[in-house]
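Dear colleague,

Please find below the structure that I am handing over to you, together with its sequence. My findings follow directly after it.

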Amino acid sequence: MTRWLDVPGRRDGPLDVSEVATGSPEYGRRRLEVELLRIVPGGRPQSTGWLTELRRWLHNRRFRFEVQWDPGYTYEGRFSVEENAAHDGIAEAKLGIECSPWKTRGERTYRVEASGGKTVLLRLGAPVVPKVTCEHPCLVNYRGRTFAFEPGTSTDPDLVLRGPEAVLTVNATPENGTATWAGYAGAAWGDFDGLTVAYLMSAGKPEAKSKPWTSPPFDGAWEAVSGTWLENAFEVDSTPPKRDVFFTYEWKDL
């Protein structure tokens with residue numbers, strides 16, 4: 001339901017107040033009408049009794065329901081029995097249903113293996129605040145803003161995904177960065193088009209882990225160690241832990 005506001009001096013026409021206030025347009029209710037024809041054994045009293053039961057169970061009540069002409073979706077709305085007539089052996093009724101503007105496909109969960117930073121495209125309908133589940137701290141970048149999540153399942157009310165497609169960069173190894181600017185001397189940003197910053201931070205190498213004191217080169221004389229501390233402090237992790245990040249949200253469409 002668009003709410004326009006004329007602003008004196010504005011050259012681009014009226015403002016959609018709902019979009020300015022919430023970041024997305026406002027939608028009105030969806031109205032459905034259903035006509036029922038029921039064969040009722042017996043005469044008119046039996047048909048009247050069936051209509052009484054129908055009103056008792058449906059009138060002014062709110063339900064979630066599915067319709068045959070739109071498989072895979074669930075609607076939610078308040079029912080009203082607006083017209084009804086009883087005949088010998090037949091009962092007629094007209095139902096009005098004031099529904100929410102969105103119909104739902106149910107909850108969806110998407111997995112991202114986010115070692116070194118991955119870009120993922122999530123499809124959705126209505127704007128959603130996703131639940132983020134991770135076993136390790138992770139960073140989620142969306143529309144130029146970065147959100148930090150600790151292990152477990154949580155949400156950030158400021159992370160609002162907007163459809164029909166949301167592109168995110170997810171990094172579950174934010175601590176895995178050993179590269180220096182000197183290592184990219186002479187390079188231009190365009191040379192790394194399509195790569196994530198997390199990938200560049202790790203110099204494009206596999207996930208690393210800290211070396212124990214008993215491993216080379218620390219098992220000998222310290223004066224024999226060459227290179228910087230940072231260069232020697234890490235080694236490739238041959239069995240890195242899973243860095244899966246899960247996004248869960250309800251998929252709603254108009």
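**Aromatic pairs**

Four aromatic pairs are present in the structure, which is a predicted model. In one of them, F65 and Y75 are stacked, because their ring planes meet at 20° with the centres 5.8 Å apart. F65 belongs to strand β4 (residues 62-65) and Y75 to strand β5, so this pair ties together parts of the chain that are 10 residues apart in sequence. F65 is buried, at a relative accessible area of 14%, and Y75 is buried as well, at 6%.

F65 also forms an aromatic pair with F79; here the geometry is edge-to-face, with 5.3 Å from centre to centre and 70° between the planes. This second pair again joins strand β4, through F65, to strand β5, through F79, and so ties together parts that are 14 residues apart in sequence. F79 counts as buried, its relative accessibility being 9%. Taken together, ring pairs connect F63, F65, Y75 and F79 into a cluster.

**Salt bridges**

The number of salt bridges in the structure is 13. Side chains of opposite charge can pair when their charged atoms come close.

Which residues are linked with R31 in a network of salt bridges? They are E33, E82, K94 and E98. Two of the bridges made by R31 can be described in detail.

- E82 and R31: the closest N and O atoms are 2.7 Å apart. The bridge links distant parts of the chain, since E82 is in strand β5 (residues 75-87) and R31 in strand β3 (residues 30-39), with their positions 51 residues apart. E82 is partly exposed, at 37% relative accessible area, and R31 is partly exposed at 36%.
- E98 and R31: the closest N and O atoms are 2.8 Å apart. E98 is located in strand β6 (residues 90-99) and R31 in strand β3, so the pair ties together parts that are 67 residues apart in sequence. E98 is partly exposed too, with a relative accessible area of 26%.

A further salt bridge is formed within a helix. E53 and R56 have their closest N and O atoms 2.3 Å apart. Both residues belong to helix α2 (residues 44-58), and because they are three residues apart, about one helical turn separates them. E53 is partly exposed, with a relative accessible area of 34%; R56 is partly exposed at 47%.

**Nonpolar cores and a surface patch**

The largest nonpolar core contains 22 residues, and those with the most contacts inside it are L161, L168, V170, V245 and F247. At least two residues of this core come from each of the strands β8 (118-123), β9 (131-134), β10 (138-142), β11 (145-149), β13 (165-171) and β16 (244-253).

What is F247 in contact with, once its neighbours within four places in sequence are left aside? Its contacts include L168 and V170, which are themselves listed among the core residues with the most contacts. R108, T109, Y110, V112, L122, P130, K131, V132 and V140 are also in contact with F247. A second, separate core has 17 residues, among them L58, A91, A93 and L95.

On the surface, L37, I39 and I90 make a nonpolar patch of about 330 Å². I90 is a residue of strand β6, and with 32% relative accessibility I90 counts as partly exposed.

**Backbone positions to note**

Most residues other than glycine have a negative phi, and most peptide bonds are trans. Two residues in this model are to be noted in that respect.

- N60 is not a glycine, yet has a positive phi of about 65°. N60 is located in the loop between α2 and β4 and is exposed, with a relative accessible area of 52%.
- R143, likewise a residue other than glycine, has a positive phi near 55°. R143 is placed in the loop between β10 and β11 and counts as exposed, at 62% relative accessibility.

Yours sincerely

Key. Residues are numbered from 1 along each chain as its sequence is written. This is a predicted model: local features need pLDDT of at least 70, side-chain atom pairs count only at pLDDT 80 or more; totals for chains, interfaces and linings use all residues. Side-chain values use heavy atoms; hydrogens and water are left out. A nonpolar core is a set of buried Ala, Val, Leu, Ile, Met, Phe, Trp, Tyr and Cys residues joined through side-chain atoms within 4.5 Å. Buried means under 20% relative accessible area, exposed over 50%, partly exposed in between (1.4 Å probe, protein chains only). Helices (H or I, at least four residues) and strands (E, at least two) are DSSP runs, numbered from the N terminus. Contact means heavy atoms within 4.5 Å. A salt bridge is a side-chain nitrogen of Lys or Arg within 4 Å of a carboxyl oxygen of Asp or Glu. Patches are made of residues with over 30% relative accessible area and no salt bridge: like charges are joined within 9 Å, nonpolar side chains (Val, Leu, Ile, Met, Phe, Trp, Tyr) within 5 Å. Accessible areas come from the Shrake-Rupley method with a 1.4 Å probe; for residues, only the protein chains shown count as cover. Rings of Phe, Tyr and Trp (its six-membered ring) pair if their centres lie within 6.5 Å; planes under 30 degrees apart count as stacked, over 60 as edge-to-face and the rest as tilted.
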